[in-house]
Amino acid sequence: MTPLLSTSDVNIFYGEKQAVRGVNLEVQRGSVNALIGPSGCGKTTFLRAINRMHDLTPGARVTGQILLDGEDVYGPDVDPVTMRRRVGMVFQKPNPFPTMSVFDNVVSGLKLAGVRDSRRLMDVAERSLRGAALWEEVKDRLRMPATGLSGGQQQRLCIARALAVEPEILLMDEPTSALDPASTARIEDLMTDLKKVTTIIIVTHNMHQAARVSDTTSFFLNGDLVEHGVTDQLFTSPRDGRTEAYVTGRFG
Ligand SMILES: Nc1ncnc2c1ncn2[C@@H]1O[C@H](COP(=O)(O)OP(=O)(O)OP(=O)(O)O)[C@@H](O)[C@H]1O
């Protein structure tokens with residue numbers, strides 16, 4: 001099967017400092033992929049290369065190749081804004097637009113793209129909120145400020161906002177680290193459903209979470225991708241001694 005995402009020899013630098021080294025990775029359509037590893041090993045740096053977020057970081061540089069559905073993400077004719085629409089992102093802390101209503105948050109990307117048809121906007125809002133398992137909780141307060149929602153609801157709203165533009169891939173950077181256990185469980189459950197409509201790469205510090213939600217796992221250490229494989233196998237019979245030491249909690 002042709003992978004949806006494939007990277008070859010990806011190196012990422014902040015000025016002179018190299019944060020990610022020679023990463024080769026393939027991600028299949030409709031899967032959840034976890035990036036794990038100790039703090040500072042380059043997980044977030046790698047994630048942000050996929051949707052060209054480093055274009056916005058002064059001094060950051062990406063070399064090598066990242067192909068999304070066969071297209072070079074850093075190709076000369078690729079518009080970074082269009083690429084960021086194809087590659088959605090959900091951050092550690094929920095970041096709804098604070099001055100906008102629930103509804104306007106969800107459809108903000110579509111409005112930015114010039115969609116004005118109110119029927120279509122409502123359809124997309126409902127589909128996206130249902131997709132993020134939030135519709136039932138907010139359907140009667142779509143016009144209320146997004147900031148009135150709980151933290152867990154705000155994070156699901158951010159997922160709905162990302163889904164509204166139908167991303168080919170959804171990047172999630174520790175999406176539950178600011179949430180309570182109940183909200184975390186809801187988002188973990190949601191991921192299984194999200195696989196039906198998109199492909200997910202999630203950075204997580206929590207190895208139990210990686211084991212629960214992901215199909216494949218990539219273990220990073222000091223900027224290197226040490227091991228990538230089927231999650232069950234990586235956790236139960238890792239090939240590399242460093243992976244084994246990490247997943248058995250010998251360092252972290
Ligand atoms: N904007 C930046 N400028 C310079 N160095 C950076 C920048 N962002 C990250 N780094 C460095 O790059 C390395 C990788 O950081 P990164 O945030 O990708 O790691 P991580 O694995 O996601 O860590 P964590 O789990 O703590 O979030 C670290 O040494 C970090 O200090």
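User: Which residues of strand 6 (residues 87–90) point one way, and which the other way?

Analyst: This is a predicted model. In strand 6, all four named residues are buried. Gly 88 and Val 90 point to one side. The other side is taken by Val 87 and Met 89.

User: In which sense do strand 6 and strand 7 pair, and over how many bridges?

Analyst: Strand 7 covers residues 169–173. Its pairing with strand 6 is parallel. The number of bridges is 4.

User: Which residue in strand 7 is the bridge partner of Gly 88?

Analyst: Gly 88 and Val 90 point the same way from strand 6. Strand 6 pairs with strand 7. The bridge partner of Gly 88 there is Leu 170.

User: Why does Met 89 count as buried?

Analyst: Met 89 belongs to strand 6. The cut-off for buried is 20 or more other C-beta atoms within 10 Å. Met 89 counts as buried because its C-beta neighbours inside 10 Å number 20.

User: Which residues is Met 89 in contact with, leaving aside neighbours within four places in sequence?

Analyst: Met 89 sits in strand 6. One of its contacts, Leu 171, lies in the residue range 169–173 of strand 7. The full set is Asn 51, Ala 162 and Leu 171.

User: What separates the C-alpha atoms of Met 89 and Arg 242?

Analyst: Along the chain, these two residues are 153 residues apart. In space, their C-alpha atoms are separated by 29 Å.

User: Where is Gly 37 found, and how many C-beta neighbours does it have inside 10 Å?

Analyst: Gly 37 is in the loop between strand 3 (32–36) and helix 1. It counts as buried. Its C-beta neighbours inside 10 Å number 25.

User: Which residues does Gly 37 touch, not counting residues up to four places away in sequence?

Analyst: One of them is Lys 43, a buried residue of helix 1. Strand 9 spans residues 216–221, and Gly 37 touches Phe 219, Phe 220 and Leu 221. The list is therefore Lys 43, Phe 219, Phe 220 and Leu 221.

User: What separates the C-alpha atoms of Gly 37 and Thr 243?

Analyst: The two residues are 206 residues apart along the chain. Their C-alpha atoms are separated by 8.9 Å.

User: How many residues of helix 1 are buried, and which are they?

Analyst: Helix 1 covers residues 43–50. It is mostly covered, with 7 of its 8 residues buried. They are Lys 43, Thr 45, Phe 46, Leu 47, Arg 48, Ala 49 and Ile 50.

User: Which residue follows helix 1 with a positive phi?

Analyst: Helix 1 is mostly covered. The residue that follows has a phi near 65°. It is Arg 52.

User: Which element supplies the largest share of the shell around the ligand?

Analyst: Strand 2 (17–27) and helix 1 each give at least two residues to the shell. The largest share is 3 residues. That share comes from helix 1.

User: Which residues come nearest to the ligand?

Analyst: There are 13 residues around the ligand. They divide into 3 nonpolar, 8 polar and 2 charged. The nearest are Tyr 14, Ala 19, Ser 39, Thr 44 and Thr 45.

User: Which residue takes a positive phi in the hairpin of strand 9 and strand 10?

Analyst: Strand 9 and strand 10 (residues 224–230) pair in the antiparallel sense over 6 bridges. Thr 217 stands opposite Gly 229. The hairpin has 2 residues between the strands. The one with phi near 50° is Asn 222.

User: Is Asp 9 buried or exposed?

Analyst: Asp 9 is in strand 1 (residues 5–14). Its phi is positive, near 50°. It has 11 other C-beta atoms within 10 Å, and the cut-off for exposed is 12 or fewer. Asp 9 is exposed.

User: What radius of gyration does the protein have?

Analyst: The protein has 252 residues, and a compact globule of that length would come near 18 Å. The model agrees with that figure. Its radius of gyration is 18 Å.

User: What pLDDT does the protein average?

Analyst: The predictor gives the complex an ipTM of 0.97 and a pTM of 0.95. In the protein, 100% of the residues score at least 70. The average pLDDT is 95.

Key: Residues numbered from 1 in each chain as written. Predicted model: local features only at pLDDT ≥ 70, side-chain atom pairs only at ≥ 80, totals over all residues. Near = placed C-beta within 6 Å. Nonpolar A, V, L, I, M, F, W, Y, C, P; charged D, E, K, R; others polar. Rg over C-alpha atoms; globule rule 2.2 N^0.38 Å. pLDDT = per-residue confidence, 0-100. Pairing = 2+ DSSP bridges. Contact = placed C-beta atoms within 7 Å.
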